[in-house]
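The following exercises concern a protein structure, and each is followed by a worked solution. Please examine the sequence and the structure before attempting them.

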Amino acid sequence: MTTTAEPRRRRKGGGGERRMVPPAKFTSYYGRPVLKASPWEKEIPAYLFLGGLAAGSSLLGAGADLTGRPALRRASRITAFAGITVSFGALVKDLGRPERFANMLRVAKPSSPMSVGTWILTVYGPLAGAAAAAELPLPGVLGRLTRLLGRPAGLAAAAVAPAVASYTAVLLSDTATPTWHDAHRHLPFVFVGSAAAASGGMALVLAPLGETGPARRLAVGGAVLELAVERQMEQAMGLTAEPLHEGRPGQLMRASRALTAAGALGAMLGRRSRVLSAVSGAALVAGSACTRFGVFEAGQESARDPRYTVVPQRERLQRRG
Amino acid sequence: MTSNPARDAGWVDPPPRKGFFTDTSVCIGCKACEVACKEWNAVPDDGMNFLGSSYDNTGQLGASTWRHVKFIEQPASTAVDLGLPRVGLPGQQDTGERTDFRWLMESDVCKHCTHAACLDVCPTGSLFRTEFGTVVVQEDICNGCGYCVPACPFGVIDRRIGEKGVTKNVGIAQKCTLCYDRLHDGLTPACAQACPTESIQFGDLDELRARAQERVDTMHDQGIPQARLYGADESDGVGGLGAFFLLLDEPEVYGLPPDPVVTTKDLPEMWKKAGLAALALLAGAVAVFGSGS
Ligand code: SF4
């Protein structure tokens with residue numbers, strides 16, 4: 001029997017969030033999904049988060065290098081390399097056949113954001129590594145060499161870093177997953193905002209007050225961008241924004257907003273307090289992680305519920321007449 | 001003239017595009033196609049379940065289900081008598097007491113899209129366009145990234161789960177190949193070969209499309225206005241399907257998307273927005289070092 005399902009009941013007391021579109025009836029095959037949710041697990045949102053953290057940190061590292069802020073430079077370069085290394089590991093681990101990772105490098109396909117991303121990472125990773133190596137207390141020739149390479153490598157990493165931060169939005173949006181796809185006009189801005197907030201936040205945790213001015217501004221700017229565009233995005237999406245409010249992804253998105261807003265406020269007020277700066281920075285980092293996990297899981301939910309596939313497509317057909 | 005995705009993919013002088021026309025109005029739900037597909041392609045078993053959904057205990061297409069027969073039971077009010085199997089003895093007079101229903105059946109399969117999102121997003125080139133215009137996974141190249149899975153607008157392809165070393169091709173994306181191996185030998189794909197009612201018809205796509213149009217016109221003349229083709233139109237969001245259908249109700253009744261669009265259609269827009277966002281981040285980073293202390 002086919003089911004004609006009424007929309008799910010809204011969670012009671014959900015912070016007064018309003019429904020974006022009127023309830024719609026739709027038909028499905030035994031309520032089963034039309035689409036398949038990605039087989040990806042927590043490694044992928046972790047990768048999105050850490051990649052963003054790394055990218056923002058490379059930018060901070062290069063700026064710190066050029067403006068004579070050695071402590072900020074060191075913290076940022078090391079964060080960038082650690083972030084990209086762990087995120088790369090997560091990416092490989094999530095493959096069905098990790099031992100075949102290198103097959104990613106047999107082609108370069110502009111139509112595949114994952115192919116494009118792999119090449120971006122292949123260029124970025126070693127540069128971030130070379131920049132971080134300059135921070136190691138290596139003796140002799142090796143030390144001189146790494147320190148010599150530190151600046152050019154760091155600048156080159158910073159040049160590629162914005163792509164590392166923004167392409168991951170395309171990675172999610174270039175799917176049939178309703179919530180990810182419908183977010184495609186805004187998600188890159190949400191993700192670079194999130195990356196800026198995370199990297200600025202991490203620098204507030206790690207670097208001394210005297211050098212964190214730029215990191216503070218990057219963190220606050222990123223947080224504001226993320227919060228503002230995320231709001232716009234949900235308004236533009238209609239029905240498929242719903243999974244961003246409900247269940248676990250809804251909790252994550254609410255946590256993300258609270259942490260990001262509080263972190264940004266704390267970062268502004270905490271210019272003279274090492275403790276407040278560090279706590280605010282940690283909140284921003286956590287907020288960024290919540291954004292990535294929230295968006296990821298909302299998409300997974302939207303693929304599992306045929307409502308988000310059938311209703312918008314029906315409406316599209318009706319509009320076309 | 002049928003579009004030729006094989007030529008678009010770089011094949012020189014490809015053979016005519018091959019496809020399936022699945023006429024659901026003559027499907028009897030015997031599942032011979034499911035069985036023949038499993039047998040020929042050595043697709044492993046993916047569980048013995050009782051799903052409580054009419055005669056459908058298969059559930060959905062996936063890495064280990066490349067043909068899936070769907071069963072939909074509907075009240076007779078909207079139904080048209082197609083002479084499909086009924087309850088009771090053959091020839092017995094209907095006493096009018098029990099509620100009649102109609103049974104829709106559909107053998108679902110990979111659509112071998114003209115614009116195939118799975119193929120577009122595949123980062124290894126494992127998924128490729130064959131000379132027959134079909135879409136096939138090269139299982140020795142796929143590294144199981146899983147990107148094709150959420151990309152497919154029909155929920156067809158999936159990564160195979162199972163115990164490594166016991167089940168074959170675990171971790172690799174799998175789906176219908178339109179029996180690529182049989183096609184090379186001029187054979188009909190296993191499912192179409194096994195179908196006893198010619199509900200599954202295999203052949204040159206332009207010929208199938210013409211035949212399907214004739215069939216649907218005849219049905220309309222016979223007073224079955226619900227009959228419609230699904231995926232036969234090249235101007236749809238996926239450029240038409242290599243495996244298309246004749247349906248007797250709305251697509252979503254069969255679990256098919258009513259208006260599928262290949263996600264990569266919006267990719268240029270996505271890259272543009274991502275480029276702008278990247279520039280914004282770069283500009284922001286320059287600005288934060290430019291001002292104040
Ligand atoms: S139906 Fe899905 S798996 Fe089949 S060709 Fe189209 S996108 Fe690929």
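**Exercise 1: A strand and its neighbours**

Strand S9 (residues 228–230) of chain B and S10(B) pair in the antiparallel sense over three bridges. The model is a predicted one.

Task: State which residue stands opposite B:Leu246 of S10(B), and in which sense strand S1 of chain B pairs with S10(B).

Solution. Step 1: Opposite B:Leu246 in S10(B) stands B:Leu229. Step 2: Strand S1 (residues 18–23) of chain B pairs with S10(B) in the parallel sense, over four bridges. Step 3: Within S10(B), B:Phe245 is the bridge partner of B:Thr22.

**Exercise 2: The faces of a strand**

Task: Determine how many residues of strand S10 of chain B are buried, and which residues lie on each side.

Solution. Step 1: Strand S10 of chain B spans residues 243–247, and five of its five residues are buried. Step 2: In a regular strand, side chains alternate between the two faces of the sheet. Step 3: One side of S10(B) carries B:Ala243, B:Phe245 and B:Leu247, and the other carries B:Phe244 and B:Leu246. Step 4: These residues are all buried, and both faces of S10(B) are covered.

**Exercise 3: Two positive phi angles**

Task: Locate B:Asn169 and B:Glu198, and decide whether B:Asn169 is buried or exposed and whether B:Glu198 is buried or exposed.

Solution. Step 1: Most residues other than glycine have a negative phi. Step 2: B:Asn169 has a positive phi, near 55°, and B:Glu198 has a positive phi of about 55°. Step 3: B:Asn169 is in the loop between strand S6 (158–159) and strand S7 (173–174) of chain B, whereas B:Glu198 is in the loop between helix H6 (190–194) and strand S8 (200–204) of chain B. Step 4: B:Asn169 counts as buried because its relative accessibility is 13%, and the cut-off for buried is under 20%. Step 5: B:Glu198 counts as exposed because its relative accessibility is 56%, and the cut-off for exposed is over 50%.

**Exercise 4: The interface of chain A and chain B**

Task: Describe the contact between the chains by its residues, its buried area and its salt bridges.

Solution. Step 1: Chain A contributes 71 residues and chain B contributes 80 residues. Step 2: The two chains bury about 5,900 Å² between them, with 60% of it on carbon and sulfur atoms. Step 3: Six salt bridges are found across the interface; one of them joins the side chains of A:Arg314 and B:Glu252 at 2.6 Å, N to O.

Key:
Residues numbered from 1 in each chain as written. Chains lettered and ligands numbered in written order. Predicted model: local features only at pLDDT ≥ 70, side-chain atom pairs only at ≥ 80, totals over all residues. Heavy atoms only, no water. Contact = heavy atoms within 4.5 Å. Buried area = accessible area lost by both parts, 1.4 Å probe. Salt bridge = Lys/Arg side-chain N within 4 Å of Asp/Glu carboxyl O. Buried < 20%, exposed > 50% of the residue type's maximum accessible area, 1.4 Å probe, protein only. Helix = DSSP H or I, 4+ residues; strand = E, 2+ residues; numbered from the N terminus. Pairing = 2+ DSSP bridges.
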